[in-house]
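User: Could you take a close look at one part of this model for me, the packing around a single helix and the charged pairs nearby? I would like the cut-offs spelled out as you go.

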Amino acid sequence: MLSGAAGAALVVEAVEQLTAGDAVELAVRLAEAAWDMPVAGPTDVWWRNELARAGERACIVARQPGTLARLIGISADRARRAADEYSVAEAQWVRELALWRFLEEHREVTRAAGNPG
């Protein structure tokens, strides 16, 4: 099992390479699954930021706005769990909510609107 800084960097690089190639659907799935990867220590902030960035890019290239909104929501939740990252979480929740509104996914709008509470 991959873990720690080296594993985190490898996963982010894989998402980026898959996105740049012609396997963007796989990049999206990897980015979504990678949020459950255990990463501890000083790489946490780097991990959240880089995985969020790489996953968002993959979703944009794949033209998957619903998955993009879901990944932004996961990113927000992970930032919320890190007490010093609440402003990042709040910004991500605003982005998630805006995407769900744009997509007219009313159930998701209602769910996302309740997240920061």
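**Helix α2 and its neighbours**

Analyst: Happy to. Helix α2 passes helix α4 in a left-handed crossing, a label used when the near helix is turned anticlockwise from the far one by less than a right angle, with clockwise being right-handed. This is a predicted model, in which local features need pLDDT of at least 70 and side-chain atom pairs count only at pLDDT 80 or more, while totals for chains, interfaces and linings use all residues. Residues are numbered from 1 along each chain as its sequence is written, and side-chain values use heavy atoms, with hydrogens and water left out.

Two packed helices are described by the angle between their axes and the distance between the axes. For α2 (residues 24–34) and α4 (residues 65–81), the axes come within 10 Å and cross at roughly 25°. Helices here are DSSP runs of H or I with at least four residues, and strands are E runs of at least two, numbered from the N terminus. The axes are lines fitted to C-alpha atoms, for helices over the stretch in contact, and angles run from 0 to 180 degrees between N-to-C directions. α2 and α4 are therefore roughly parallel to each other (under 35 degrees; over 145 is roughly antiparallel, 65 to 115 roughly perpendicular and the rest oblique).

On the α2 side, the contact (heavy atoms within 4.5 Å) is made by Val28, Ala31 and Glu32, and on the α4 side by Thr67, Arg70 and Leu71. These residues divide into three nonpolar, one polar and two charged. In this scheme Ala, Val, Leu, Ile, Met, Phe, Trp, Tyr, Cys and Pro count as nonpolar, Asp, Glu, Lys and Arg as charged, and the others, Gly among them, as polar.

Glutamate 32 and arginine 70 also meet through their side chains in a salt bridge, 2.8 Å from N to O; the rule is a side-chain nitrogen of Lys or Arg within 4 Å of a carboxyl oxygen of Asp or Glu. This pair links distant parts of the chain, with glutamate 32 in α2 and arginine 70 in α4, 38 residues apart. Glutamate 32 has 26% relative accessibility, so it counts as partly exposed, and arginine 70 is partly exposed at 37%. Buried means under 20% relative accessible area, exposed over 50%, and partly exposed in between, using a 1.4 Å probe and protein chains only.

Now turn to the other partner of α2. Helices α2 and α3 pack at an angle of about 150°, with their axes 9 Å apart, and this crossing is left-handed. Val24, Glu25, Ala27, Val28, Ala31 and Ala34 in α2 meet Trp47, Leu51, Gly55, Ala58, Cys59, Val61 and Ala62 in α3. That set divides into 11 nonpolar, one polar and one charged. Val28 and Ala31 therefore appear in the contact with α4 and in the contact with α3.

Helix α3 (residues 44–62) has a charged link as well: its glutamate 56 pairs with arginine 95 of α5 (residues 86–102), 39 residues apart. The closest N and O atoms of this salt bridge are 2.9 Å apart. Glutamate 56 is buried at 13%, whereas arginine 95 is partly exposed at 36%.

In the loop between α3 and α4 sits arginine 63, which counts as exposed at 74% relative accessibility. Its C-alpha is 9.8 Å from that of valine 24, with the two positions 39 residues apart in sequence numbering.
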